[in-house]
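Me: I'd like to go through some ring contacts and a pocket, and hear the reasoning behind each label. Here's the model.

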Amino acid sequence: MSLEASERGLLRLFLAVYLVSVAGLWLCLVQGIAPGVCIVASLLLLLIAPGFVPALGLRRSLRLSALEVLPLAVSLSLAQATVILLLFDRLSLSVLHAGWPLMLLTLGWWAWTTRWARLGFSLRRDTDRAGLDVSGHARVLLTALLFACLVVVSVLMLGVGAPMQWETDSVAHVAAVRGVLEEGRVFPVAQPYGPNGVERADVRFGVFHALCAVIAATSGAEVHTLWNVLPAFFAPLLILAIFSVARAITGSTKAAFAAALIFPLCYGGERNELLRIASYPNRVSMLVYLVSLGMFFRYLRDEKRWLLWLLAALVATTAAVHVYYFIEFLFVTTCFLFVKLLTSPGLRAEILAKWTRGIVVASAVSLPLLLYRFLTSYSTANPYAVEEQGILFLGNSLYILNPLKAYGWLGLAGAVSILLLPYFILRAGRQDSHAFITAATAGPLLLIFNPVLLPLASKVLNYLAWRLMWAVPYALSLGIFLAEFRTNFRLQSARVRVVSMACLLLIAWALVGVTTSRVAFYRHALARRDATFTENMAVISNELSRLDRELKGRRVLLSDPVTAYAIPAFTRHFVTAIPVAHSAPGDSFPVSRVRDALDVLNPSVSIARTREVLRQYRVEFVVVNTGFLEKLYAFEYQIDPLFQIQALEKISSTPVFEHFFSEGELHVFSVVGPHQVPLAQSQSPLPGSEPLPPEGASRLPDSETPSALVHLEPEPEQAAVGSFAESFSLESVRIDPVVVSPGDSVRISSLWKCLRPLPREDVFRLFVRFETDFPRGTFFHERFGKIYRKLLEGRLGTRFRFRVDLDPHSFDRPLHLWQSGEFVRQEITVAVPEDVSGGTYVVEMSLRRISPATNFRLSDFLQDRDYYSGVEVGRVEVRDASVGRARPAGCLRALATIEQGKSGRI
């Protein structure tokens with residue numbers, strides 16, 4: 001059968017599948033059956049079909065394999081959807097109706113291709129295939145292996161689904177899709193904050209969320225159900241995209257197959273769950289970015305005008321879906337340009353001319369989309385987004401990205417691929433594939449590990465520097481090395497053969513280790529189907545759905561940050577605060593929103609302060625969640641189950657609130673104020689709660705709780721223990737008891753003085769550390785004391801140091817409410833671990849400002865005096881568990897409770 005006949009057969013088959021999908025979707029929606037069929041049909045009709053026919057028409061011109069048609073088809077579908085969605089948005093039409101134009105556009109492409117398919121495009125291409133391609137039988141075998149990999153990954157993603165946990169972004173993206181469904185706009189206004197934001201959209205939301213909303217509206221599926229299914233659709237497409245770009249760059253089918261099979265192991269570094277978020281907008285943008293890279297290399301080799309415009313359309317789609325991979329495309333191609341200019345001196349003018357035309361046209365086409373997105377989104381002054389984070393200081397003004405954190409992004413396979421970099425550098429002048437590997441690997445490394453360049457660029461790149469590590473094509477480098485190994489091995493000298501075998505064994509070791517880790521992760525994820533709220537927020541969707549049934553319109557709700565994170569994803573309502581990882585319109589930083597929300601729930605915060613927050617955010621309802629099973633820790637807050645129970649007691653006994661309903665562990669209260677009328681709803685008493693006291697009989701005073709405040713200043717002659725951040729002074733500390741055993745608890749009562757009010761966007765953490773002396777041998781040196789101690793602890797199986805981190809914002813008197821000149825007393829309890837060594841432990845305390853990604857100095861990893869060191873506030877004797885009694889000398893030293901300590905400043 002000729003190629004033309006084969007394509008005509010595919011077109012007929014496509015039309016039949018398309019019509020059956022449309023009919024099946026209509027029938028299932030009318031009958032209200034088979035929601036899974038509706039989702040599959042909608043994905044086919046809206047994400048594959050619109051671009052499949054043009055992709056199939058370009059197959060022969062671009063010399064694509066059958067598998068490569070799919071990622072190109074999805075990329076072209078996203079390009080068409082972007083234009084239609086933005087057109088609807090500009091004309092103030094509901095974007096939810098954009099599904100029909102996409103379906104009609106599919107029929108238009110089919111009709112045009114059927115009439116004009118014989119014309120096609122002519123393309124002559126000279127590729128460097130010497131010894132790299134495979135025979136027909138081997139290609140069939142590799143295709144079957146790759147297809148099996150796609151099926152396994154798809155089934156795995158379908159079983160595991162997208163993570164809907166409290167520490168991931170899935171819930172925020174689901175909320176954005178719901179915002180599009182509610183408003184019918186590509187950029188919903190200030191989701192999830194609603195009227196407490198500005199009349200613009202969150203910068204992270206865009207055309208992909210709108211397209212997901214169209215798919216949800218077309219299929220009739222719940223948004224979070226669709227979001228759980230999307231990884232099974234996009235993860236295999238990512239694998240095919242890496243296959244396509246590898247084949248375009250190398251001209252080798254074998255290298256492309258090897259890279260595609262290795263990609264699921266390399267993708268995400270040590271973050272084993274990242275394939276589960278293949279449907280995130282930035283990962284979908286990565287899919288189009290990979291296809292764009294392949295088109296870029298085809299254009300460099302063939303220099304056809306239609307290839308240039310196809311490249312521009314794909315790059316613009318990359319920018320429209322997510323700007324990160326548009327930046328990565330510019331970064332990687334620029335690095336490639338420099339490598340080619342250095343390694344091909346005779347072709348510099350030609351290379352520069354081709355690169356300039358491609359990048360300038362692609363950027364020019366992308367600019368309108370980026371400008372439209374900028375004008376419809378808000379921008380915030382986020383202090384944590386403009387300061388350097390996750391860095392390692394080598395000197396006062398010299399620093400690099402923390403290599404330990406970098407390894408988490410690279411992973412074992414990524415680290416091994418970097419070791420192969422000299423191989424590609426030596427061959428960069430011979431093939432584009434080697435030049436690309438050199439550029440895309442060395443470029444980010446030279447930036448993020450350069451102590452001179454990174455400080456200069458950090459103000460511009462900031463946290464984006466971490467994301468540039470996704471540009472490194474680990475799978476592609478390993479795939480090319482393995483594909484070329486057999487041919488190169490025959491031509492190498494004996495010494496080079498030994499080195500090559502060592503590299504091969506290193507790759508095998510890395511891939512086996514990563515495979516074991518991935519299998520263990522997914523086995524755990526499939527076997528342990530957590531039903532707790534924090535592990536799977538979808539389990540609370542039924543309780544939250546009652547909010548939609550009972551509350552009319554779109555209301556403003558206040559809750560703890562974790563529950564508030566889930567509310568916009570499963571309901572149409574707005575919240576006052578979600579975790580810090582997301583944007584907050586009109587605020588310098590969402591930390592202030594989180595603090596305000598916790599103030600309302602905090603039983604130690606006064607009614608006056610509670611009313612102030614309720615008025616500020618126009619809160620209509622408060623939701624208290626008592627279903628937490630364990631403490632949760634995040635950058636700017638912590639959730640304590642006991643705190644939630646105490647919050648319920650406060651809300652239920654305060655006349656500002658009126659119980660509305662309870663569903664499971666969720667308790668909803670309406671806010672009663674001078675400008676708010678209680679809803680006409682039968683009010684049932686809260687299960688297990690006391691009757692609400694009458695107005696004026698609240699158990700909470702209108703002033704701040706006096707238990708934490710100390711109005712009498714200490715004696716004038718008493719010196720402070722330490723001063724922290726020029727904002728807080730630790731006046732005195734009392735430790736009780738001073739002689740304990742492993743497993744016991746130590747109570748630390750501290751008296752603080754506020755020297756100046758805390759900026760509301762700052763986050764502080766209190767570190768309490770216990771450490772004792774340890775045996776020092778011949779090889780001990782102070783400069784490497786931490787390494788020596790950790791090795792000793794590992795050999796002995798006992799610890800000589802332990803630390804407790806506490807959130808001072810959850811104290812009886814929250815830190816952000818401290819005023820200048822106030823004295824605050826706080827008592828904390830520290831549990832002594834079971835595996836600590838006996839001895840006299842020095843107790844140190846440090847209160848310091850923190851950021852989401854901590855910065856360290858090199859000495860923090862080598863010496864015991866490190867980032868967490870503080871001022872000495874006392875000593876505690878820990879009995880040796882094996883002896884059962886304390887050392888006499890230590891007891892004498894520990895019996896004295898220290899009220900005065902040496903001064904210190906951090």
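Reply: Sure, and keep in mind that this is a predicted model. Arginine 593 lies over the face of tyrosine 193, 4.1 Å from the ring centre.

Me: What makes arginine 776 count as sitting over the ring of phenylalanine 780?

Reply: The charged end of arginine 776 is 4.8 Å from the centre of that ring. The cut-off is within 6 Å for CZ of Arg, plus within 35 degrees of the ring normal, so arginine 776 counts as over the ring of phenylalanine 780.

Me: Why is the pair of tryptophan 109 and tryptophan 112 called edge-to-face?

Reply: The structure holds 39 aromatic pairs. In this one the centres are 6.1 Å apart and the planes are at 90°. Centres have to lie within 6.5 Å to pair, and planes over 60 degrees apart count as edge-to-face, so the label fits tryptophan 109 and tryptophan 112. Both sit in helix H4, 3 residues apart, about one turn of the helix.

Me: Why does tryptophan 112 count as partly exposed?

Reply: Its relative accessibility is 47%. Buried means under 20% and exposed means over 50%, so tryptophan 112 falls in between. Tryptophan 109, at 30%, is partly exposed too.

Me: What makes up the lining of the second largest pocket, by class?

Reply: There are 11 nonpolar, 9 polar and 8 charged residues, 28 in all. Strand E17 gives the most, with 4 residues. Among those nearest the centre are Lys631 and Phe811, and the volume is about 600 Å³.

Notes: Residues numbered from 1 in each chain as written. Predicted model: local features only at pLDDT ≥ 70, side-chain atom pairs only at ≥ 80, totals over all residues. Heavy atoms only, no water. 1 Å grid on protein atoms, 1.4 Å probe; cavity = no way out; pocket = protein on both sides within 12 Å on 5 of 7 lines; lining within 4 Å. Points joined across faces, edges and corners; volume = space filled by probe spheres on them. Helix = DSSP H or I, 4+ residues; strand = E, 2+ residues; numbered from the N terminus. Nonpolar A, V, L, I, M, F, W, Y, C, P; charged D, E, K, R; others polar. Phe/Tyr/Trp six-rings, centres within 6.5 Å; stacked < 30°, edge-to-face > 60°. Buried < 20%, exposed > 50% of the residue type's maximum accessible area, 1.4 Å probe, protein only.
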